[in-house]
Amino acid sequence: PSAPSSRRPPKICATGGGSPRPPSIVGTDGQPLDLRLIQVQLAFRHGARTPVEDAGARADGCRWLARDTDKTELLQRCGRVTLYPPGSSEGLDPAVVFREFEPTPWNPVRELPGGAVPGRLTDVGLAQAVALGADLRERYVDSTANSTLGTATSKLLPREWSLAKHLVETRSTCVERTVYSAQGVLAGLFPSAAADSTLDARIELNGTHHDEFMVSTVAVRVLVSHCPRRRAYQLGRSTQLACGISSVA
């Protein structure tokens, strides 16, 4: 929300209990301020996935089955998304992009004990993403608004995807588990559009299959080199990890 002109900052009073809701914003006199929520930036990780490698599972008999990552039925109720690589105007179908598993430095093995593909979003993970989207809908979507102008000041989006789609921008790494998690969150945000297959979202990709971080390692190095506090934290964290490894060894 935009800040009022005042010497003292406004107070934000969060409501308690149940799903998260937008906080009420009051002035120093305790009275509500006439402010409007104008933007939300949300970052989240993927839902539950299969392990990215065996890690000795064969010794204890643990198995991951191919059906654990079969999300076909649930995805049919999550609308449709199209992927756009950086600088490209040609959309890609995620079902085609992720049809074949391509090992990467982060996912080095082709198959887990039991036959499951490593690092893939499970059906449980997709359901978790949909549930997150439903919570976000309660917080940010005005279920009574038929237009963006009619949205309540404490909400952000109108009730229908057709009215809100131009206000929503989605970005993801080019990784199966993150793309389908993003699709699940959008389906939870606009369940009616997902159910009748009118949810047609655009997801901007940050790179290739080898880029598993939204911020590249090069950018991280630049950040560390130009930020003394970040550099000190990184050095301290590395020392802690080294001590921990030494003590275990």
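**Close-up views of a predicted model**

**View 1. L83 and I203 across the β3–β5 pairing.** L83 stands opposite I203, a residue of strand β5. The model shown here and in the views below is predicted. T170 also stands opposite I203 in β5. Strand β3 covers residues 80–84, and strand β5 covers residues 200–205. The two strands run parallel and are joined by 5 bridges. Among the facing pairs, R80 has D200 as its bridge partner in β5, and V81 stands opposite A201 of β5. Strand β3 is mostly covered, with 4 of its 5 residues buried.

**View 2. The open sheet β3-β5-β4.** Strands of a sheet pair through backbone hydrogen bonds, either parallel or antiparallel. Here 3 strands form an open sheet in the order β3-β5-β4, and the pairing is parallel. The edges are taken by β3 and β4 (170–172), each of which pairs on one side only. From one strand to the next, the twist averages 35°. The pairing of β4 with β5 rests on 3 bridges, again in the parallel sense, while 5 bridges join β3 to β5.

**View 3. The two faces of strand β5.** In a regular strand the side chains alternate between the two faces of the sheet. Strand β5 shows this alternation: A201, I203 and L205 point to one face, and D200, R202 and E204 point to the other. The residues of the A201, I203 and L205 set are buried, whereas D200, R202 and E204 are not. D200 lies in β5 and has a relative accessibility of 30%. Buried means under 20% relative accessible area and exposed means over 50%, so D200 counts as partly exposed. The C-alpha atom of D200 is separated by 8.9 Å from that of W161, although the two residues are 39 apart along the chain.

**View 4. S197 in the loop ahead of β5.** S197 sits in the loop between α7 (191–195) and β5. The phi angle of S197 is positive, about 65°, although this residue is not a glycine. The relative accessible area of S197 is 53%, and because exposed means over 50%, S197 counts as exposed.

**View 5. V185 in helix α6.** V185 belongs to helix α6, which spans residues 176–189. Its relative accessible area is 4%, so V185 is buried. In sequence V185 and L126 are 59 residues apart, yet their C-alpha atoms are 8.6 Å apart in space.

**View 6. Lining of the second largest pocket.** Rolling a probe the size of a water molecule over the atoms shows where empty space is left. The second largest pocket has a volume of about 520 Å³. Its lining consists of 24 residues, and those nearest the pocket centre are L75, P94, A95, F98 and Y180. The elements α2 (72–75), β3, α3 (94–97) and α6 each supply at least two residues of this lining. By class, the lining residues are 11 nonpolar, 6 polar and 7 charged. Strand β3 thus appears in two settings, because it supplies lining residues for this pocket and is paired with β5 under the strand criterion of at least two bridges, with 5 bridges present.

**View 7. Cysteines C78 and C174.** A disulfide is a covalent bond between the sulfur atoms of two cysteines. A search of the whole structure returns 0 disulfides. C78 has a relative accessibility of 1% and so counts as buried. C174 has a relative accessible area of 6% and is therefore buried.

**View 8. Overview of the protein.** The protein contains 9 helices and 5 strands. Read from the N terminus, the elements follow the order β-β-α-α-β-α-α-α-β-α-α-β-α-α. Of the 249 residues, 32% are buried. Buried residues in the views above include V185, C78 and C174.

Notes:
Residues numbered from 1 in each chain as written. Predicted model: local features only at pLDDT ≥ 70, side-chain atom pairs only at ≥ 80, totals over all residues. Heavy atoms only, no water. Buried < 20%, exposed > 50% of the residue type's maximum accessible area, 1.4 Å probe, protein only. Disulfide = S-S within 2.5 Å. Axes fitted to C-alpha atoms, helices over the stretch in contact; angles between N-to-C directions. 1 Å grid on protein atoms, 1.4 Å probe; cavity = no way out; pocket = protein on both sides within 12 Å on 5 of 7 lines; lining within 4 Å. Points joined across faces, edges and corners; volume = space filled by probe spheres on them. Nonpolar A, V, L, I, M, F, W, Y, C, P; charged D, E, K, R; others polar.
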